[in-house]
Amino acid sequence: MMAIWVDADACPGVIKEILFRAAQRTQTTVTLVANQSLRIPPSPYIQMLRVAPGFDVADNEIVRRCAAGDLVITADIPLAAEVLGKGAAALNPRGERYSEATIREKLTMRDFMDTLRASGVQTGGPSALNQRDRQQFANALEQWLQTSQRR
């Protein structure tokens, strides 16, 4: 059975809500991985996995536990690259599906932005999640769920 892993420390609440509803509806296991306890609805399909605090601890646990065919929800590009390498799918909270074709470019851009920030350039963060982002996420999730149920 395919599973969904959520890099939950930075995942927006509205995205978690979409995932919770999808887990119930499709009976798909959703596991939130975070270094703090998070409130989750009572459900046999929704789990919380608390990891020790620390840099990349949750990411490393997701990489260790996810399997080919699973879906990982993350905005963390290096994490997405690692799970793609294991044969899992990766989707960001804005509904953008990472792929082997786009991940290298995204890693390069991320490193470039890190370099700019390190040299004192103010780059700003991502814009707030809007209704279109939520809809794109819901659509991309639905597409993955339908595809994985056919397998």
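The exercises below, each with a worked solution, concern a predicted model.

**Exercise 1. Place Thr-31 in the structure: which element holds Thr-31, is Thr-31 buried or exposed, and which residues is Thr-31 in contact with, leaving aside neighbours within four places in sequence?**

Step 1. Thr-31 belongs to strand 2, which covers residues 29-34.

Step 2. The relative accessible area of Thr-31 is 4%. Buried means under 20%, so Thr-31 is buried.

Step 3. With neighbours within four places in sequence left aside, the contacts of Thr-31 are Ile-4, Trp-5, Val-6, Gln-47 and Leu-49.

Step 4. With Gln-47 there is also a polar contact: the two side chains are joined at 3.2 Å.

Step 5. Pro-42 gives a further reference point. Eleven residues separate Thr-31 from Pro-42 in sequence, and their C-alpha atoms are 13 Å apart in space.

**Exercise 2. Describe how helix 1 and helix 5 pack: at what angle do their axes cross, and which residues make the contact?**

Step 1. Two packed helices are described by the angle between their axes and the distance between the axes.

Step 2. Helix 1 spans residues 13-26 and helix 5 spans residues 131-150. Their axes come within 11 Å and cross at roughly 25°.

Step 3. Angles under 35 degrees count as roughly parallel, so helix 1 and helix 5 are roughly parallel to each other. The crossing of helix 1 with helix 5 is right-handed.

Step 4. On the side of helix 1, the contact is made by Val-14, Ile-15, Ile-18, Leu-19, Ala-22, Arg-25 and Thr-26. On the side of helix 5, Arg-134, Phe-137, Ala-138, Leu-141, Glu-142, Leu-145 and Gln-149 take part.

Step 5. Sorted by type, the residues of this contact are nine nonpolar, two polar and three charged.

**Exercise 3. Examine helix 2: which of its residues are buried, what covers them, and at what angle does helix 2 pack with helix 3?**

Step 1. Helix 2 runs over residues 57-65, and its buried residues are Ala-58, Asp-59, Glu-61, Ile-62 and Val-63.

Step 2. The cover over these buried residues includes strand 1 (3-7), strand 2, strand 3 (46-50), strand 4 (71-73) and helix 3 (77-85).

Step 3. Helix 2 packs with helix 3 at an angle of about 10°, and the axes are 9 Å apart. Helix 2 is therefore roughly parallel to helix 3.

Step 4. The crossing of these two helices is right-handed.

Step 5. From helix 2, Asp-59, Ile-62 and Val-63 meet Leu-79, Glu-82 and Val-83 of helix 3. The residues of this contact divide into four nonpolar, no polar and two charged.

**Exercise 4. Locate Asp-76: in which loop does Asp-76 lie, and which backbone nitrogen does its side chain reach?**

Step 1. Asp-76 is in the loop between strand 4 and helix 3.

Step 2. A relative accessible area of 22% makes Asp-76 partly exposed.

Step 3. Beyond its neighbours within four places in sequence, Asp-76 is in contact with Asp-7, Asp-59 and Tyr-98.

Step 4. The backbone nitrogen of Leu-79 is reached by the side chain of Asp-76 at 2.8 Å.

Step 5. Gln-47 lies 29 residues from Asp-76 in sequence, and the C-alpha atoms of the two are 21 Å apart.

**Exercise 5. Compare the backbone of two loop residues: what is the phi of Gln-27, and what is the phi of Asp-56?**

Step 1. Most residues other than glycine have a negative phi.

Step 2. Gln-27, not a glycine, has a positive phi near 55°. Gln-27 sits in the loop between helix 1 and strand 2, and with a relative accessible area of 47% Gln-27 is partly exposed.

Step 3. Asp-56, also not a glycine, has a positive phi of about 65°. Asp-56 sits in the loop between strand 3 and helix 2, and at 31% relative accessibility Asp-56 is partly exposed.

Note on methods
Residues numbered from 1 in each chain as written. Predicted model: local features only at pLDDT ≥ 70, side-chain atom pairs only at ≥ 80, totals over all residues. Heavy atoms only, no water. Helix = DSSP H or I, 4+ residues; strand = E, 2+ residues; numbered from the N terminus. Buried < 20%, exposed > 50% of the residue type's maximum accessible area, 1.4 Å probe, protein only. Contact = heavy atoms within 4.5 Å. Polar contact = N/O pair within 3.5 Å; in protein donor to acceptor, adjacent residues only side chain to side chain. Axes fitted to C-alpha atoms, helices over the stretch in contact; angles between N-to-C directions. Parallel < 35°, antiparallel > 145°, perpendicular 65-115°, else oblique. Left-handed = near helix turned anticlockwise from the far one by under 90°. Nonpolar A, V, L, I, M, F, W, Y, C, P; charged D, E, K, R; others polar.
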